[in-house]
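Subject: Handing over a structure, with notes on what was found

Dear colleague,

I am passing on the structure we spoke about, and I would be grateful if you could look through it with the notes below at hand. Please open the sequence and the coordinates first, and then read on.

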Amino acid sequence: MNAPDLFSHTPPEWARATPPSRSAALARVARIRPAEYARTRNHLEGAVTGLSPYLTHGVLTLPEVLAAVLQRGPLPADHKLVFEFGWREYFRHVWAHRRDGILASFHAGPQPGAAYASALPADIRQAQTGVPAIDEAVRTLYTTGSLHNHARMWLASYVVHVRHVHWRAGADWMVAHLLDGDLASNHLSWQWVAGTGSHKPYLFNAENVARFAPAAWHSAGSVIDRSYEALEHLAHGRAAAPKSFAPSLAAAINEPTLHATPPADLHTNGPQADSAQRLQGRDVWLVHPWALRAAPPDLPSDCAVIGVYPSPHHAAWPWPQARWRWVDAAMQTLAAERWYTDSATLAHALQGARSVQAFADPHIDDWLPPAVQRLPSPTLFAPVDVFCRSFTQWWTRATRGLKTASELL
């Protein structure tokens, strides 16, 4: 079945085409209309930026994006667009302090952890729940690798609070299929929805879907067509979860296969037998999947540029073929030689290099050999050294005294 046949509507432009290039990313930046974004961002067909894959993979940085937007006019520091940029950096702030702790519940949710199933049911994976909003979300996720943030929240809320599946099972499944899959943004968002990283669970109903989504998503008469009071009872286990669900009228969709290794035709090998000899005494710049942008301009002109895929990371967090191909297409423009390797093998190949540098990123920092100098990636907001348990606390510290967005730059 071809992708267009999977939908009852046409996905918005930002979900249909995400070319893996800096020029495509900059073209999207040029189309940002801050006022329209602020007015329509919660609508599935609203004027969202579609920049998340480019930001996750380091094709663009937040300071670059904001600087380009401000060329067309000033913005206040608390503009909705800037606010959403703040959420991305806040999630990284939490990750820096909590480390792998973001993969476990920060505190109890509406019910004890044992009350939730540990595996995602097949009808959710196959878009067969009979709830149009959920089935459309799953189909969109699989076929585009993208999903509007509002739809991500609906899907997570349904999984946790209607189906009583543990948030971690849902978060691991979703991050695997997102082109912009970022462990901090994804897993901390699921915790926020689940109520294990926030003060209360996020709930939604059919009326909310009808307000913000196209007609194909409307879910009147389904299990989510109930009051918020009833949903609250369901989330807290004071009402039984539905035992049966109306069958979906659409055909089941197969979940894309996940791969811990790159497709063979991408020709991403490990270091060769002569790699250490070739790099002896040379400066080396490492390109990785979370920093797909040019090296700093002050590197020597004869610097060796090598792309690296950390095999331990991909073994733990495999990707569908579409993401492998997207990332590698972008990486090829920066590094003709690309290695899929572990830390020890990489360290051996680089042992004679004069210097080895790479942009830092928490997806890869613990994997890089100690000899690699990690250059800090540009951030938009002032660093907040004190751990903030809430976004509000962090935002207050990060923007204290600022009135205009240009002051962030």
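What follows is a walk through the sheet, a buried loop residue, two helices and the cores.

Please keep in mind throughout that this is a predicted model.

The sheet is a convenient place to begin. It is an open one, formed by 5 strands in the order 5-3-2-6-7, and the pairing is parallel. At its edges are strand 5 (337–341) and strand 7 (373–375), each of which pairs on one side only. From one strand to the next the twist averages 30°. As general background, the strands of a sheet pair through backbone hydrogen bonds, in either a parallel or an antiparallel sense.

Strand 2 (residues 283–287) deserves a careful look, since 5 of its 5 residues are buried, so the strand is largely enclosed by the rest of the structure. Both of its faces are covered, with Asp283, Trp285 and Val287 buried on one side and Val284 and Leu286 buried on the other. Strand 2 is joined by 4 bridges to strand 6 (residues 355–359), the two running parallel, and it also pairs with strand 3 (residues 304–310) in the parallel sense, again over 4 bridges. Trp285 can serve as a marker for both pairings: its bridge partner in strand 6 is Gln357, while in strand 3 it stands opposite Val305.

Strand 6 is mostly covered as well, with 4 of its 5 residues buried. It runs parallel to strand 7, to which 3 bridges join it. Within that pairing, Gln357 has Gln373 of strand 7 as its bridge partner, and Phe359 has Leu375.

Two helices can then be placed against these strands. Helix 16 (residues 321–332) lies across strand 2, strand 3 and strand 5, and runs at about 165° to strand 3. Helix 17 (residues 343–350) packs on the sheet, where it touches strand 2, strand 3, strand 5 and strand 6, and its direction makes about 135° with that of strand 5.

Leu279 belongs to the loop between helix 14 (275–278) and strand 2. Is this residue buried or exposed? Its relative accessible area is 2%, and because the cut-off for burial is under 20%, Leu279 counts as buried. Not counting residues up to four places away in sequence, Leu279 touches Val284, Ala304, Ile306, Trp339, Ala349, Leu350, Gly352 and Ala353. By contrast, Glu36 is 243 residues from Leu279 in sequence and 51 Å from it in space, C-alpha to C-alpha.

Turning to the helices, helix 5 (residues 62–70) has Leu62, Pro63, Val65, Leu66, Val69 and Leu70 as its buried residues. These cover an arc of only 160° around the axis, which means that they sit on the same side of helix 5. They pack against helix 2 (22–30), helix 3 (34–40), helix 4 (52–56) and helix 6. In general, an α-helix has 3.6 residues a turn, so residues three or four places apart point the same way.

In helix 13 (residues 228–235), the buried residues are Leu231, Leu234 and Ala235. Seen down the axis of helix 13, they fall within an arc of 95°, so they line one face of the helix. Helix 9 (149–162) is included in what covers them. After helix 13 comes Gly237, whose phi is positive, near 75°.

Finally, the cores. The largest nonpolar core has 77 residues, of which Val65, Val284, Leu286, Phe381 and Trp394 touch the most other members. Helix 6 (residues 80–98) gives the most to this core, with 7 residues. A second, separate core of 43 residues includes Tyr116, Val131, Ala151 and Leu234. As for Phe381, leaving aside neighbours within four places in sequence, its contacts are Val82, Phe85, Gly86, Glu89, Trp394, Trp395, Ala398, Thr399 and Leu408.

With kind regards

Methods: Residues numbered from 1 in each chain as written. Predicted model: local features only at pLDDT ≥ 70, side-chain atom pairs only at ≥ 80, totals over all residues. Heavy atoms only, no water. Core = buried A, V, L, I, M, F, W, Y, C linked by side-chain atoms within 4.5 Å. Buried < 20%, exposed > 50% of the residue type's maximum accessible area, 1.4 Å probe, protein only. Contact = heavy atoms within 4.5 Å. Arc of directions from axis to C-beta. Pairing = 2+ DSSP bridges. Axes fitted to C-alpha atoms, helices over the stretch in contact; angles between N-to-C directions.
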